[in-house]
Amino acid sequence: MEAVVDLVPMFQREFELCAVKEGELLILLTEAGTRPEYVGAAGGAALALGAEVFEVSVRGRGWQGTPFTGRGGMSVPALTYPTRLLDVVRDTLSRADFVVDLIPDTIIHRPLRDELKQAGARILTVCEPADALERMAPNASITAQVVSLRDRVAAASELHVSSAGGTDLRFDLTDTNANGQKGYADQAGTWDHWPSALVTGYPVDDRAHGTLVLSPGDVVLPFNRYVDAPVTMRIADGFIDEIDGELDAAFVRDYLESFKDREVYRTSHIGFGMHPAAQWNALSFYDRRETMGMDARCFRGGFLFSTGPNRFTGRYIDAHLDIPMRGCTVRLDGEIVLDAGVLVGAES
Ligand SMILES: [Fe+2]
């Protein structure tokens, strides 16, 4: 476990970027699996900046939970299902200026996050290992690049992704909800994730068509696993209709089939990794359960394909695969923004 004394300065720098100031109210959202050193470090940093801080800790397990291991990004039952407890937690958190989400499986894909945004809170998710927080610290250059590409994604009508491995897939980006994760939340009513340098967008449901081919070395999250043989997915009208390949394909098929829900085969968001300090090989160093794979998501020049939820259409479902891919070429309205895994027009 990291020493709190080493972490407090990191958290303080991060909270300064999040515009935490004297007199503000911070709440740390935790459960039993939360890294205790992050509770101490976040609390110490908040106090050093003159803020008021306390912890809301919920149970990590519950009878409402699905009997399934590996629900990455799916929070815990207490923050998921409509109960009086969740009402009280939501009401309490809604009164904070700044909520630090220290839930290991995060609240990213739960309505609670959007409800807190609507209440005007700034929300920051922190669940990666400490060296990843330090290594992928935010900076102004990365922020500018993220904002620039986010705006291009928001303005585009079509995304085409291809790869030497055989990917040839089109998305309709009309009126897409583009988001830029810069690694800190400094505006009221916004959420971010430390560490991040990631642009995402939700294409129009039902309009993705083509073939996605994962190449050896591409990553499937939350399996936290590199594929070692090609996986081919055929996609029509926004649904994955076929998944072919060897063991890695069987993992994906088995995972999706287990939910017994046609909706889990839908395409979800797309994304672009942009952090120069993100390491593609990081998953080979970390234990599987200590990371949710932000290195792979944010790897500079990576393209992110995903399946399942879309909060903009009210689709909150438990199955979500994020699949960071290397070496892709991506065009927005015909213009190359990613050339065989190299971001075009972005300063490094
Ligand atoms: Fe995702």
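This talk covers the iron site, one pocket and the cavities of this structure. Keep in mind that the model is predicted.

Let's start with the metal. Which residues coordinate the iron ion? H269 and H320 each do so through NE2, and D322 contributes OD twice. The distances run from 2.1 to 2.4 Å. Now the geometry. The four donor atoms make angles of 55 to 127°, and the site is irregular. To count as tetrahedral, four donors need all angles between 85 and 135 degrees. Along the chain, the donors follow the spacing H-x50-H-x1-D. The two histidines link distant parts of the chain, 51 residues apart. H269 sits in strand β15, residues 267-273. H320 sits in the loop between β16 (303-307) and β17 (321-325).

Are these histidines buried or exposed? H269 has a relative accessible area of 7%, so it is buried. H320 is buried too, at 4%. The cut-off for buried is under 20%.

Next, the second largest pocket. About 280 Å³ of space lies in it. Its lining has 17 residues. Nearest the centre of this pocket are R150, N179, G180, T190 and W191. Which elements supply at least two residues each to that lining? They are helices α4 (111-118) and α6 (140-155), plus strands β7 (179-181) and β8 (191-193). By character, the pocket lining has seven charged residues, six polar and four nonpolar.

On to the cavities. How many reach 30 Å³ or more? The structure holds two.

Take the largest cavity. About 50 Å³ of space lies there. Its lining runs from I108, H109, R110, R113 and D114 through Y202 to P309, R311, R315 and Y316. Five of these residues are charged, four nonpolar and one polar. Where does this cavity lie relative to the domains? It lies between domain 1 (4-127) and domain 2 (137-181 + 193-343), because both give residues to the lining.

The second largest cavity holds about 30 Å³ of space. V220, F223, R225, V227, D248, F251 and V252 line it. Helix α7, residues 247-257, gives the most to this lining, with three residues. Here the split is five nonpolar, two charged and no polar.

To recap. The iron ion has an irregular site, with donors from H269, H320 and D322. The second largest pocket has seven charged residues in its lining. The largest cavity lies between the two domains. The second largest cavity draws three lining residues from helix α7.

Notes
Residues are numbered from 1 along each chain as its sequence is written. This is a predicted model: local features need pLDDT of at least 70, side-chain atom pairs count only at pLDDT 80 or more; totals for chains, interfaces and linings use all residues. Side-chain values use heavy atoms; hydrogens and water are left out. On a 1 Å grid over the protein atoms alone, a cavity is a set of points where a 1.4 Å probe fits but cannot get out, and a pocket is an open set with protein on both sides within 12 Å along at least five of seven lines; lining residues have an atom within 4 Å of a point. Grid points are joined across faces, edges and corners, and a volume is the space filled by probe spheres set on the points. Helices (H or I, at least four residues) and strands (E, at least two) are DSSP runs, numbered from the N terminus. Ala, Val, Leu, Ile, Met, Phe, Trp, Tyr, Cys and Pro count as nonpolar, Asp, Glu, Lys and Arg as charged, and the others, Gly among them, as polar. Donors are N, O and S atoms within 2.8 Å of the metal (3.2 Å for Na, K and Ca); water is not among the atoms, so sites may look incomplete. Four donors count as tetrahedral if all angles lie between 85 and 135 degrees; four count as square planar and six as octahedral if opposite donors are over 155 degrees apart and all others between 65 and 115; anything else is irregular. Buried means under 20% relative accessible area, exposed over 50%, partly exposed in between (1.4 Å probe, protein chains only). Domain bounds come from an automatic or database domain assignment.
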